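Dear colleague,

Please find below the structure that I am handing over to you, together with its sequence. My notes on it follow directly after.

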Amino acid sequence: MKTAALGQALSAYATAAARLAEPRKPDTDGTAEVGFGAVLRAELARDVATLKTSEATAVAGVAGKADLQSVVEAVTNAELTLSKVTAVRDRVIAAYQEIMRMPI
């Protein structure tokens, strides 16, 4: 059991490292966004996709079409994604409040 979990963790780290190592595609049409907003939008889109996939897997589990392990993994992924989104939201709100306290 521990070996399987270690293998999954190593696989996840390898996937993340490969994603970070991918060269960025050049902007061919001049419409690509750059900056914090673009990164935030892309991350939120990825989070929404993760939540939709997790929900579909949970529904399939209730219908008896998915095994218990995949349902548990999907629920865990959804839980982690929701925690991440909540933490980012809290940080953005705190930053906004800090900016509003600054004297003009």
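The notes below go from the overall fold to the helices, the charged pairs and the surface.

The model is predicted, and its confidence should be considered before its details. The mean pLDDT of the chain is 83, and 71% of the residues reach 70 or more. Helix H1, covering residues 2–21, has the lowest mean pLDDT among the elements, at 66, whereas H3 has the highest, at 94. Where pLDDT is low, the predicted coordinates should not be read in detail.

Overall fold

The chain contains three helices and zero strands, which gives the pattern α-α-α when it is read along the sequence. Of its 104 residues, 7% are buried. The chain exposes about 8900 Å², and carbon and sulfur atoms supply 65% of that area.

Helices H2 and H3

Does the length of each helix agree or disagree with what its residue count predicts? For H2, 27 residues at 1.5 Å each should span 39 Å, and the end C-alpha atoms are indeed 39 Å apart, which agrees. For H3, the 34 residues should span 50 Å, and the end C-alpha atoms lie 49 Å apart, which also agrees.

The buried residues of H2 are Ala-38, Asp-47 and Ser-54, and what covers them includes H3. In H3, the buried residues are Val-71, Ala-74, Ala-78 and Thr-81, and their cover includes H2. Each of these two helices thus contributes to covering the buried residues of the other.

Ser-54 illustrates this arrangement. This serine is found in helix H2 and counts as buried because its relative accessibility is 7%, under the 20% cut-off. Leaving aside residues up to four places away in sequence, Ser-54 touches Ala-74, Asn-77 and Ala-78. Of these contacts, Ala-74 and Ala-78 are themselves listed among the buried residues of H3. Just after H2, Gly-64 takes a positive phi of about 85°.

Salt bridges

Side chains of opposite charge can pair when their charged atoms come close. How many salt bridges does the structure hold? There are five salt bridges in the structure. Glu-43, Arg-46, Asp-47 and Lys-84 are linked in a network of such bridges.

Within this network, Arg-46 pairs with Glu-43, the closest N and O atoms being 3.2 Å apart. Both residues belong to helix H2 (residues 36–62), and because they are three residues apart there, about one helical turn separates them. Arg-46 is partly exposed, with a relative accessible area of 38%, and Glu-43 is partly exposed as well, at 25%.

Glu-43 also meets the side chain of Lys-84 in a salt bridge, at 2.6 Å from N to O. This pair links distant parts of the chain, with Lys-84 in helix H3 and Glu-43 in helix H2, 41 residues apart. Lys-84 is partly exposed, its relative accessible area being 34%. Another member of the network, Asp-47, is one of the buried residues of H2.

A further salt bridge joins the side chains of Arg-89 and Asp-90, at 2.8 Å from N to O. Arg-89 counts as partly exposed at 47% relative accessibility, and Asp-90 is likewise partly exposed, with a value of 39%.

Nonpolar surface

Which residues form a nonpolar patch on the surface? The patch is made of Tyr-96, Ile-99, Met-100 and Met-102, which together have about 480 Å² of accessible area. Met-102 lies in the segment after helix H3, which covers residues 68–101. With a relative accessible area of 53%, Met-102 is classed as exposed, because the value is over 50%.

In reading the model, you may wish to begin with H2 and H3, whose buried residues are covered in part by each other and which are also linked by the salt bridge between Lys-84 and Glu-43. Helix H1, by contrast, has the lowest mean pLDDT among the elements of the chain.

Yours sincerely

Technical notes:
Residues are numbered from 1 along each chain as its sequence is written. This is a predicted model: local features need pLDDT of at least 70, side-chain atom pairs count only at pLDDT 80 or more; totals for chains, interfaces and linings use all residues. Side-chain values use heavy atoms; hydrogens and water are left out. Patches are made of residues with over 30% relative accessible area and no salt bridge: like charges are joined within 9 Å, nonpolar side chains (Val, Leu, Ile, Met, Phe, Trp, Tyr) within 5 Å. Accessible areas come from the Shrake-Rupley method with a 1.4 Å probe; for residues, only the protein chains shown count as cover. A salt bridge is a side-chain nitrogen of Lys or Arg within 4 Å of a carboxyl oxygen of Asp or Glu. Helices (H or I, at least four residues) and strands (E, at least two) are DSSP runs, numbered from the N terminus. Buried means under 20% relative accessible area, exposed over 50%, partly exposed in between (1.4 Å probe, protein chains only). The expected span of a helix is 1.5 Å times one less than its number of residues. Contact means heavy atoms within 4.5 Å. pLDDT is the predictor's confidence in each residue, from 0 to 100.
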